[in-house]
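Colleague: I'm new to this one and would love a close look at a single part before I get lost in the rest. Could you start there and then show me around a little?

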Amino acid sequence: MKHLKPVLIIFSIFISIIFIVPTLLVLPFSSEKETANLDEKLKDTPSVEELANSVEVAVYRSNQDLIEKLPLEQYVVGVVAGEMPADFEKEALKAQALAARTYIVNQLLLEDSTVPKGADVTDTVSHQVYKNQKELAGLWGADYDWKIKKISDAVLETMGQVLTYDGKPITAAFFSTSNGYTENSEAYWPNEYPYLRSVESPWDSASPRFEDQKVIPIKEFEQKLGVTLPKDGSVGTITSRTEGKRVASVEINGKGFSGREIREKLELRSSDFTWYLKDNHIVIATKGYGHGVGMSQYGANGMAKEGKDYQDIVTHYYKDVKITESDKLLQKVTAQR
């Protein structure tokens, strides 16, 4: 038995080495392996090489305070991914790609003093929301492969195409959900654009964002609008509506506002609203989500579900426009740089 003790000790040490050492070897490298897999996945993203383009876009990344440069078509992929759900119909994604590409080509032709020096555009709603592939891989997780392929294919199948009016790229405005109609540009913005006209958009009623309700305490309502509500229990009178059925003007105890002012000051989803007083609160019901000008994203998806293609979609929401190859326009950009 005395002779067995050293043998047992040695055997125990040997067994420990067999089980512990591989664990020590595996654990430090497990995160590196995951990173390598992610990098490999991004490297093999469908159509990335095909989407390379000679024109470069410089995007100001607001959260990181840096400028990211990448080919235009790859930028469009990041915008479509940031602005529209990947599970939308492919023809809707193609319409969104066309709008996003038109926007950035137009932006590249302008001198925009609002963007940081060295950038062409920001990654926020002030311009277009943009996310790069690593950010999307983190957001989408296991769904990354099919989502990025679907969006990349939509961009590829519209590659180089922009929307023009009188030979110039349009202001390709878009928003989430209409109230059943889009809006004339001058009803929300100062400028009147002949291609941004009010059209019907009945498909939006299927959007989860079609209706909303917000309840605001009277004191907060008065403070945000700089008004005092009358003692008769009324809130305000809607004095006119736009062609797109949104509030154009409203009067509250002798003070006038535009529908846009009310929407922005009270942070409403839409300027199509109704309201009433209840128990020291203002109850506000809205229809739609967004400014209402240009292409409705949920409307585009509804059209695609009915079998309409991206050309049908964009020519419905942008009146009298043409789908044009961007080569000549981008030559101007290249010449300016």
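How many bridges join strand S4 (residues 161–165) to S14, and do the two run parallel or antiparallel?

Modeller: Sure, but a word on the ground rules. This is a predicted model, where local features need pLDDT of at least 70 and side-chain atom pairs count only at pLDDT 80 or more, while totals for chains, interfaces and linings use all residues. Residues are numbered from 1 along each chain as its sequence is written, and side-chain values use heavy atoms, with hydrogens and water left out.

To your question: S4 and S14 are joined by 4 bridges and run antiparallel. One spot to look at is Leu 163, whose bridge partner in S14 is Ile 323. Strands here are DSSP runs of E with at least two residues, and helices are runs of H or I with at least four, both numbered from the N terminus. Two strands pair if DSSP finds at least two bridges between them.

Now zoom out to the sheet. It is an open one of 3 strands, in the order S5-S4-S14, with antiparallel pairing. Its edges are S5 (168–169) and S14 (322–325), each pairing on one side only. Lying across S4, S5 and S14 is helix H3 (residues 90–109), which runs at about 70° to S4. That angle is taken between N-to-C directions, on a scale from 0 to 180 degrees, using lines fitted to C-alpha atoms, for helices over the stretch in contact. Contact means heavy atoms within 4.5 Å.

Next, try Gln 297 in helix H8 (residues 297–305). Gln 297 is buried, at 8% relative accessible area; buried means under 20%, exposed over 50% and partly exposed in between, with a 1.4 Å probe and protein chains only. Leaving aside residues up to four places away in sequence, Gln 297 touches Glu 83, Met 84, Phe 88, Gln 96, Phe 174, Phe 175 and Ser 176. Its C-alpha atom is also 8.7 Å from that of Ser 178, although the two residues are 119 apart along the chain.

Last stop, helix H6 (residues 218–225), where Ile 218, Phe 221, Glu 222 and Leu 225 are buried. They sit on the same side of H6 because they cover an arc of only 95° around the axis, the arc being that of the directions from the helix axis to the C-beta atoms. The cover over these buried residues includes strands S7 (211–217) and S9 (247–252) and helix H7 (259–266). The face turned away from them carries exposed Lys 219 and Gln 223. Just after H6, Gly 226 takes a positive phi of about 65°.
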